[in-house]
Amino acid sequence: MLDWLKGTIVAVVNWIKGVVTGFVNWCLDAIKAIIKWFADLAVDVFKAAWDFVKDFLCWCIDELLGLVVKAVNAVDFSGLQGFVSGSDLPSEILNVLSLCGVGTAVGIITTAIAVRLVLQLIPFTRLGS
């Protein structure tokens, strides 16, 4: 009779152990799911904040360039309207200048001057010039 009682007690203890183990595993899974949810939430909040910062910077640049466009439109260029390059030269001379590549040379020189002026705006590049 004691063997039956011992077997019954062992069976009840094993059943309680299984139930408690299952409950603890369920609690651990729930805690892991909650922690994962908070981690995903933090990542999503960071991504949204990063998108907000990028959009804000793009908006600032857009507004600044809009202000630059307004400033350039406010400048009076009417004094330059009468200047047309080579307007007094005969067509034969213009043809020879074109065949010699004067237009290309002027374009290359103008581009070189523009690049040099732009490089002057970058700090620490004025050392050699």
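**Figure 1. The Lys36–Asp40 salt bridge in helix H1 of the predicted model.** Asp40 and Lys36 lie four residues apart in helix H1, a separation of about one helical turn. An α-helix has 3.6 residues a turn, so residues three or four places apart point the same way. In this predicted model, the two side chains form a salt bridge whose closest N and O atoms are 3.0 Å apart. Asp40 is partly exposed, at 35% relative accessibility, whereas Lys36 is exposed, with a relative accessible area of 52%.

**Figure 2. The Asp51–Lys54 salt bridge in helix H1.** Here the partners are three residues apart in helix H1, again about one helical turn. The closest N and O atoms of Asp51 and Lys54 are 3.8 Å apart, which lies within the 4 Å cut-off for a salt bridge. Both partners are partly exposed: Asp51 has a relative accessible area of 39%, and Lys54 stands at 40% relative accessibility. The count for the structure comes to two salt bridges.

**Figure 3. The aromatic cluster of Phe52, Phe56 and Trp59.** A search of the whole structure finds four aromatic pairs. Among them is the pair of Phe52 and Phe56, which is stacked, with 6.5 Å from centre to centre and 20° between the planes. The angle of 20° falls under the 30 degrees that define a stacked pair. Phe52 and Phe56 both lie in helix H1, four residues apart, or about one turn of the helix. Phe52 is exposed, with a relative accessible area of 59%, while Phe56 counts as partly exposed at 42% relative accessibility. Together with Trp59, these two phenylalanines form one aromatic cluster.

**Figure 4. A nonpolar surface patch that includes Val20.** The patch covers about 910 Å² and is made by Val12, Trp15, Ile16, Val19, Val20, Phe23, Val24, Trp26 and Leu28. Val20 lies in helix H1, which comprises residues 2–74. With a relative accessible area of 45%, Val20 is partly exposed; this value passes the requirement of over 30% for patch members. For the protein chain as a whole, the accessible surface comes to about 11,800 Å², of which 75% belongs to carbon and sulfur atoms.

**Figure 5. Cysteine side chains without a disulfide.** A disulfide is a covalent bond between the sulfur atoms of two cysteines. The structure holds zero disulfides. Cys58 is in no disulfide, and the nearest cysteine sulfur, that of Cys60, is 9.4 Å away. Because a disulfide requires sulfur atoms within 2.5 Å, the distance of 9.4 Å leaves Cys58 unpaired. Cys58 is exposed, with a relative accessible area of 53%. Cys100 likewise counts as exposed, at 60% relative accessibility.

**Figure 6. Helix H2 and the glycine that follows.** Helix H2 spans residues 91–100 and is hardly covered, for the count of buried residues among its ten residues is zero. Gly101 follows H2 and has a positive phi, near 85°. Cys100, at the end of the range 91–100 given for H2, is exposed at 60% relative accessibility.

**Figure 7. The protein chain as a setting for the close-up views.** The protein chain contains three helices and zero strands, and it follows the pattern α-α-α along the sequence. Buried residues make up 0% of its 129 residues. The chain averages a pLDDT of 86, and 87% of the residues score at least 70. Confidence is highest in H1, at a mean of 93, and lowest in H2, at 86. Where pLDDT is low, the predicted coordinates should not be read in detail.

How values were computed:
Residues are numbered from 1 along each chain as its sequence is written. This is a predicted model: local features need pLDDT of at least 70, side-chain atom pairs count only at pLDDT 80 or more; totals for chains, interfaces and linings use all residues. Side-chain values use heavy atoms; hydrogens and water are left out. Patches are made of residues with over 30% relative accessible area and no salt bridge: like charges are joined within 9 Å, nonpolar side chains (Val, Leu, Ile, Met, Phe, Trp, Tyr) within 5 Å. Accessible areas come from the Shrake-Rupley method with a 1.4 Å probe; for residues, only the protein chains shown count as cover. Helices (H or I, at least four residues) and strands (E, at least two) are DSSP runs, numbered from the N terminus. Buried means under 20% relative accessible area, exposed over 50%, partly exposed in between (1.4 Å probe, protein chains only). Rings of Phe, Tyr and Trp (its six-membered ring) pair if their centres lie within 6.5 Å; planes under 30 degrees apart count as stacked, over 60 as edge-to-face and the rest as tilted. pLDDT is the predictor's confidence in each residue, from 0 to 100.
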